[in-house]
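Colleague: Could you take one part of this model and go through it closely, following its contacts outward as far as they lead? I would like one connected account rather than a list.

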Amino acid sequence: MSRPHPYCVATTVSDEALKVLLEASGEGKYRDNHPWLAALDMLDAAGAAGERLPVLFASGKPSAFSHWGYVTDLAVVELHRATWETVLSFTPLQPVNPIWVDLDSVLLKPTAEQLDREVREGIHQHRYPVTEGEIRPYAICETPAFIGQGVS
């Protein structure tokens, strides 16, 4: 599996959490109490297609993308009624290309209907940039062009 999936997940981490991840050689686990079920489906689809699912991490105030890696595992567990834990494992983190650090430089994944119109009708649909409100707990985005070019 070498090429990136056309879509990625993007999330925010605190500056302290990012520092800990980077001190651990940039690889590790990210935990969240929201069930990342759609992301789990994307990881499965990426694996079936021989692709790797990228993850983008943003931090700071205001949030900006700083690092990225590939998801190596994603576990979603219901601990007890309506209480969830998601554990995201990933490859060593790489710095984000400076052109892509602003949240609005990355675009949200278009809907299935938008993509269908593009294919069937040749109508390119408008894309919407990621905002602070959409990145928490995570957003599904179009994979930025710099991912998969050179560093894996």
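**Strand β2 and what surrounds it**

Modeller: In strand β9, cysteine 141 is the bridge partner of cysteine 8, and this pairing is a convenient place to enter the structure, which is a predicted model. The two strands involved, β2 and β9, pair in the antiparallel sense, and four bridges hold that pairing. On seeing two cysteines set opposite each other, one may want to ask how many disulfides there are, and the count comes to zero. Cysteine 8 is in no disulfide, since its nearest cysteine sulfur, that of cysteine 141, is 4.9 Å away, whereas a disulfide would need the sulfur atoms within 2.5 Å. Cysteine 141 is likewise in no disulfide, its nearest cysteine sulfur being that of cysteine 8. As for solvent, cysteine 8 counts as buried because its relative accessibility is 0%, against a limit of under 20%. Cysteine 141 also counts as buried, again at 0% relative accessibility.

The burial of cysteine 8 fits what is found along the strand that carries it. Strand β2 covers residues 7–12, and six of its six residues are buried. In a regular strand the side chains alternate between the two faces of the sheet. Read in that way, β2 has Tyr7, Val9 and Thr11 on one side and Cys8, Ala10 and Thr12 on the other, and both faces are covered, with all of these residues buried. Besides its pairing with β9, strand β2 is joined by four bridges to strand β5, residues 54–59, and here the two strands run parallel. Within that second pairing, valine 9 stands opposite valine 55 of β5. At tyrosine 7 there is a contact of another kind, for lysine 109 lies over the face of the tyrosine 7 ring, at 5.0 Å from the ring centre.

From the strands one can turn to the aromatic residues, where the structure holds seven aromatic pairs. A pair of aromatic rings is described by the distance of the centres and the angle of the planes. For tryptophan 36 and tyrosine 138, the ring centres are 4.3 Å apart and the planes stand at 25 degrees, so this pair is stacked, the limit for stacking being under 30 degrees. Tryptophan 36 lies in the loop between β3 (28–32) and α2 (37–48), while tyrosine 138 lies in the loop between α3 (112–121) and β9 (139–142), so the pair ties together parts that are 102 residues apart in sequence. Both tryptophan 36 and tyrosine 138 are buried. These two residues also belong to one aromatic cluster, which is formed by Tyr30, Trp36, Phe57, Phe90 and Tyr138.

The loop between α3 and β9 enters the account again through the charged residues, where the structure holds seven salt bridges. One of these joins the side chains of arginine 136 and aspartate 32, at 2.7 Å from N to O. Because arginine 136 lies in the loop between α3 and β9 and aspartate 32 in strand β3, the pair ties together parts that are 104 residues apart in sequence. The two partners differ in their exposure, for arginine 136 counts as partly exposed at 42% relative accessibility, whereas aspartate 32 counts as buried at 6%.

A further salt bridge links glutamate 51 with arginine 3, the closest N and O atoms being 3.4 Å apart. Glutamate 51 lies in strand β4 and arginine 3 in strand β1 (residues 3–4), so this pair ties together parts that are 48 residues apart in sequence. The side chains of glutamate 51 and arginine 3 also make a polar contact, at 3.4 Å. Here glutamate 51 is buried, with a relative accessible area of 11%, while arginine 3 is partly exposed, with a relative accessible area of 47%.

The last group concerns arginine 127, which forms a salt bridge with glutamate 118, the closest N and O atoms being 2.4 Å apart. Arginine 127 is buried, its relative accessible area being 14%. Salt bridges that share partners join Glu118, Arg127 and Glu142 into one network.

Definitions and conventions: Residues are numbered from 1 along each chain as its sequence is written. This is a predicted model: local features need pLDDT of at least 70, side-chain atom pairs count only at pLDDT 80 or more; totals for chains, interfaces and linings use all residues. Side-chain values use heavy atoms; hydrogens and water are left out. Buried means under 20% relative accessible area, exposed over 50%, partly exposed in between (1.4 Å probe, protein chains only). A polar contact is a pair of N or O atoms within 3.5 Å; within protein, one must be able to donate a hydrogen and the other to accept it, and residues adjacent in sequence count only if both atoms are side-chain atoms. Rings of Phe, Tyr and Trp (its six-membered ring) pair if their centres lie within 6.5 Å; planes under 30 degrees apart count as stacked, over 60 as edge-to-face and the rest as tilted. A charge sits over a ring if NZ of Lys or CZ of Arg is within 6 Å of the ring centre and within 35 degrees of the ring normal. Two strands pair if DSSP finds at least two bridges between them. A salt bridge is a side-chain nitrogen of Lys or Arg within 4 Å of a carboxyl oxygen of Asp or Glu.
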